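Please follow the chain in the view below while reading, since the paragraphs that come after it move from one part of the structure to the next.

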Amino acid sequence: MSDELLKVIKFVGRTYVVLIIGALLSSILLATFFGREPSGGTSVSSPLYLSPALPIPGTPGILLVRPGEVMTAVYTVTNTTSNVSVSRRITLHGRGPRACELDWNAPPKEFGSLEYVVLRPGESMRFEGIQRFTVAGLYFVETNRQTMDGRWGAFGRRINRQYFIVGDESTIRSVDTSCVAERTIVIGIQVLLTPTP
């Protein structure tokens with residue numbers, strides 16, 4: 001090959017790399033200054049799975065977790081848009097005990113977070129976090145993301161919230177779960193009661 005042809009190939013290659021980096025940076029800047037992607041964002045593309053957790057007969061939508069067990073939470077997020085999706089944080093927020101009474105004002109129990117997540121169109125990312133619950137009572141966990149401007153919220157229009165009781169059979173009878181049915185109807189909780197694949 002001639003030297004001129006090699007120069008042209010190198011120039012085209014550098015130009016292509018610069019264009020890709022420029023497109024990625026422009027999406028990040030749009031998300032930073034406007035707090036959202038240009039036409040949408042990410043969505044939770046799999047059910048929220050909590051393990052170990054058992055369904056409680058007669059109390060749909062609530063799981064049972066034994067005190068002191070390490071709970072693993074897993075869900076998948078997919079960018080369903082035609083633009084790059086940028087999130088400052090993707091996490092699973094937990095709150096409790098006394099989740100009915102206090103809701104988001106209950107003490108936090110976080111499952112960790114993934115920071116500065118960039119998803120190209122159609123790309124997915126799996127979140128996996130752990131937490132140990134030792135105090136008996138009613139808790140909830142909810143999938144959340146933080147936009148580049150610092151706002152927290154659900155993924156798209158779907159809120160993935162799961163309630164569970166930490167304790168044993170006697171705790172089930174003594175915990176206030178009156179809000180669960182009401183909030184299940186309002187926000188559309190989807191419960192996964194089968195083992196993870």
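A disulfide joins Cys-100 to Cys-179, with the two sulfur atoms 2.0 Å apart, in what is a predicted model. The count of disulfides comes to one, and the torsion about the S-S bond of Cys-100 and Cys-179 is about -80°, so this disulfide is left-handed. The pair links distant parts of the chain, given that Cys-100 sits in helix α2 (residues 99–102) and Cys-179 in helix α4 (residues 178–187), 79 residues apart. Both cysteines, Cys-100 and Cys-179, are buried.

The wider setting of this link can be described with a few totals. The secondary structure of the protein amounts to four helices and eleven strands, and of the 197 residues in the protein, 38% are buried. If one takes the contacts between residues at least 6 apart in sequence, 72% of them join residues at least 24 apart. The accessible surface of the protein is about 10900 Å², and 61% of that surface belongs to carbon and sulfur atoms.

Turning inward, the largest nonpolar core has 22 residues, and those with the most contacts inside it are Leu-50, Tyr-75, Leu-92, Phe-111 and Phe-164. At least two residues of this core come from each of the strands β4 (62–65), β5 (70–79), β6 (85–95), β7 (113–119), β8 (124–132), β9 (137–146) and β11 (161–166), and β5 gives the most, with four residues. A second, separate core of twelve residues includes Ile-62, Leu-64, Cys-100 and Val-175, and the presence of Cys-100 there leads back to the disulfide with Cys-179.

Phe-164 offers a useful viewpoint on the larger of these regions. When its neighbours within four places in sequence are left aside, Phe-164 is in contact with residues including Leu-50, Ile-62, Leu-63, Val-65 and Met-71, and its contacts also include Phe-133, Gly-137, Leu-138, Tyr-139, Phe-140 and Val-141.

Several of these names return when the rings are considered. A pair of aromatic rings is described by the distance of the centres and the angle of the planes. The count of aromatic pairs comes to seven; one of them is formed by Phe-133 and Tyr-139, which meet edge-to-face at 4.9 Å centre to centre, with 75° between the planes. Phe-133 counts as buried because its relative accessibility is 0%, and Tyr-139 counts as buried because its relative accessibility is 2%, both values falling under the 20% cut-off. Ring pairs further link Phe-111, Phe-133, Tyr-139 and Phe-164 into a cluster. Charged side chains also lie over ring faces: Lys-109 lies over the face of Phe-133, at 5.5 Å from the ring centre, while Arg-161 lies over the face of Phe-140, at 3.8 Å from the ring centre.

Met-125, found in strand β8, gives another view of the packing. With a relative accessible area of 12%, Met-125 is buried, and, not counting residues up to four places away in sequence, Met-125 touches Tyr-75, Thr-76, Val-77, Ile-90, Leu-114 and Leu-119. For Met-125 and Ile-90, which are 35 residues apart along the chain, the C-alpha atoms are separated by 9.9 Å, although the two residues are among those in contact.

The backbone deserves a separate look. Most residues other than glycine have a negative phi, and most peptide bonds are trans. Against this background, the peptide bond from Ser-51 to Pro-52 is cis, with omega near -5°, and Pro-52 lies in the loop between β2 (49–51) and β3 (54–55). The peptide bond from Gly-96 to Pro-97 is likewise cis, with omega near 0°, and Pro-97 is found in the loop between β6 and α2. That loop between β6 and α2 also holds Arg-98, whose phi is near 65°, a positive value in a residue other than glycine; with a relative accessible area of 47%, Arg-98 is partly exposed. A positive phi also occurs at Asp-103, where the value is near 50°, and Asp-103 has its place in the loop between α2 and β7. Helix α2, which these loops adjoin, is the helix that holds Cys-100, and with that residue the path returns to the disulfide.

Technical notes: Residues numbered from 1 in each chain as written. Predicted model: local features only at pLDDT ≥ 70, side-chain atom pairs only at ≥ 80, totals over all residues. Heavy atoms only, no water. Phe/Tyr/Trp six-rings, centres within 6.5 Å; stacked < 30°, edge-to-face > 60°. Buried < 20%, exposed > 50% of the residue type's maximum accessible area, 1.4 Å probe, protein only. Lys NZ or Arg CZ within 6 Å of the ring centre and 35° of its normal. Contact = heavy atoms within 4.5 Å. Areas by Shrake-Rupley, 256 points an atom, 1.4 Å probe, with all protein chains shown as cover. Core = buried A, V, L, I, M, F, W, Y, C linked by side-chain atoms within 4.5 Å. Disulfide = S-S within 2.5 Å.
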